[in-house]
Amino acid sequence: MRGLLCWPLAMSLLLLQPWETQLQSAGPRCHTGPLDLVFVIDSSRSVRPFEFETMRQFLVGLLRSLDVGLNATRVGVIQYSSQVQSVFPLGAFSRREDMERAIRALVPLAQGTMTGLAIQYAMNVAFSEAEGARPPKERVPRVAVIVTDGRPQDRVAEVAAQARARGIEIYAVGVQRADVGSLRAMASPPLDEHVFLVESFDLIQEFGLQFQSRLCGKDLCAEWGHSCQHQCVSAPGTFYCACNSGYKLAADSKSCLAIDLCAEGTHGCDHHCVSSLGSYFCRCRAGFVLQRDQRSCRAIDHCSFGNHSCQHECVNSPGGPQCRCREGHDLLPDGRSCQVRDLCNGVDHGCEFQCVSEGLSYRCLCPEGRQLQADGKSCLRCREGHVDLVLLVDGSKSVRPQNFELVKRFVNQIVDFLDVSPEGTRIGLVQFSSRVRTEFPLGRYGTAAEVKQAVLAIEYMERGTMTGLALRHMVEHSFSEAQGARPRALNVPRVGLVFTDGRSQDDISVWAARAKEEGIVMYAVGVGKAVEEELREIASEPAELHVSYSPDFSTMTHLLENLKGSICPEEGISAGTELRSPCECESLVEFQGRTLGALESLTQNLAQLTARLEDLENELAHKK
């Protein structure tokens, strides 16, 4: 390190000149080429006012010796004490006069000495592109000059190392009481060229002269804007450009062009030739492999490796092996296995109940007790028996209006396969939410068209889900003769179908059990968030035949196949059996017999009640 400097007589005489002109008198202005230069100035309280003024004049003089400009040397100045202040950033000024004006207006901070903080600010902020520094890809040198007169009050070694690692060249200038160890920790290597220690601020221009001579040496590549793309080579009194290996000099003697051996057409590559620095290599298209001669290409036979795992056939392709199935089979998602093609899922088969694939064809089936019609797709309607059917439809707010319309359409599809008539199937519908509302009773409509029209006219209720209340209403009211249900003596099956999309907000167990005790065959249809346990509790046994579920309203139509085969009764009055009119003689005699029996029972009960009253009157008389 240079330490305290003893100058020759010529240097002493030089100091007698004004400070702002000494640096200029040392030689012509530097032509350093592009350079980003930031001065980091200590303005702590230990720097006396006249010393700070000396440093100000030093900066002005050094500026006048530099080739300042946006395309030459950009200058930024920050001062620090206990905090850091940007005097002006790198991109602020392009004229020397504006920089000098800002430096002359500088007011010292006069606090502590946080040199590490100042270095960190210079690294992260002052040398950022936002502040005017040129991008790293332009390879413009970044130089920081730190001038301080004391020992740092924070750590400098680690942050200075980080700054140097980011490509910032650091000059450390110590004045008077500056700590030599800290200067050496901050500066870039070699230390004897980047560490300066002067005895006083009056002598700081010595650093300026040496710094100027370093920037303004006789290396013409460093002094002039050579514009060489790769390398500049200095020669006595001149310079020339050179290129890196694998490149050649262009006609302008400055730019460099990659040597493209592939373009010469002598490479012999079967597919592609790829140039590299000073050389080339051959590359094959996808699905091919390079031969030993490193020029020819051969298709890769992936199937011959024996690890394709294809169930049927392996076919080579540029992207690798692909499996293929024989006719009448489809490839499974694993890309290897094959299964017999299910035509029922692949075509619009039109089967009303069930489609069964058979090789390259398919056929339609009907549920037990129903025959396939002549078109091979439709099934005969439910005419084997008569049914009293009550539908309990969930109208809670969780269903939502658009889904409620899907529910009504679903109900009408059920109506389509039933033989609706006063003597055949009677249909009633009850909507429930937080309350229960009979939309139409069993005895109101006598045709399917009337029922479907009434279903479409139903208005959505919203609110809660009181399924238990709906079951009670069905048991106590919906299947009463007053509502249109046929007398139990006629043995007409009673069927209840509950449609819901969520958990009930009241208890269902009592009335679900009561419905089955009353001989009502219960079906439960759940959609979305319907609870399976509740559906099973509502439905008759076995649950597999009486419970249906669909995850979504838009896909619930597939439940119709199960319901079509289930609701049609296996027992009861057959299609060939006529219902007896209550006005016929046999019906009147039967009715008279049941009535007389009931009257006799009532007479006996009345006699017992009279006898009991007499006993009570006798007991009261004895007490008096």
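**Exercise 1. Find the salt bridge partner of Asp36 and place both residues in the chain.**

Step 1. Start with the contact: Asp36 forms a salt bridge with Arg134, with 2.6 Å between the closest N and O atoms. A salt bridge here is a side-chain nitrogen of Lys or Arg within 4 Å of a carboxyl oxygen of Asp or Glu.

Step 2. Now place the two ends. Asp36 belongs to strand E1, while Arg134 is in the loop between helix H5 (115–126) and strand E4 (142–148); the pair links distant parts of the chain, 98 residues apart. Helices (H or I, at least four residues) and strands (E, at least two) are DSSP runs, numbered from the N terminus.

Step 3. Check the surroundings: Asp36 and Arg134 are both buried. Buried means under 20% relative accessible area, exposed over 50%, and partly exposed in between (1.4 Å probe, protein chains only).

A word on the model: it is predicted, so to speak of local features takes a pLDDT of at least 70 and side-chain atom pairs count only at pLDDT 80 or more, whereas totals for chains, interfaces and linings use all residues. Residues are numbered from 1 along each chain as its sequence is written, and side-chain values use heavy atoms, with hydrogens and water left out.

**Exercise 2. Work out what surrounds strand E2 (residues 73–80).**

Step 1. Look at the cover: eight of the eight residues of E2 are buried. Thr73, Val75, Val77 and Gln79 point one way, and Arg74, Gly76, Ile78 and Tyr80 the other way.

Step 2. Turn to E1 (residues 35–42), which runs parallel to E2 and is joined to it by eight bridges. Strands pair if DSSP finds at least two bridges between them. Val40 has Ile78 as its bridge partner in E2.

Step 3. Turn to strand E3 (residues 84–88), which pairs with E2 in the antiparallel sense over four bridges. Tyr80 stands opposite Val84 in E3, and a hairpin of three residues joins E2 to E3.

**Exercise 3. Which parts of the chain does the salt bridge between Arg324 and Glu313 tie together?**

Step 1. Take the distance: the closest N and O atoms of Arg324 and Glu313 are 3.2 Å apart.

Step 2. Locate the ends: Arg324 lies in strand E16 (residues 320–324) and Glu313 in strand E15 (residues 313–317), so the pair ties together parts that are eleven residues apart in sequence.

Step 3. Compare the cover. Arg324 counts as partly exposed at 47% relative accessibility, and Glu313 counts as partly exposed at 31%.
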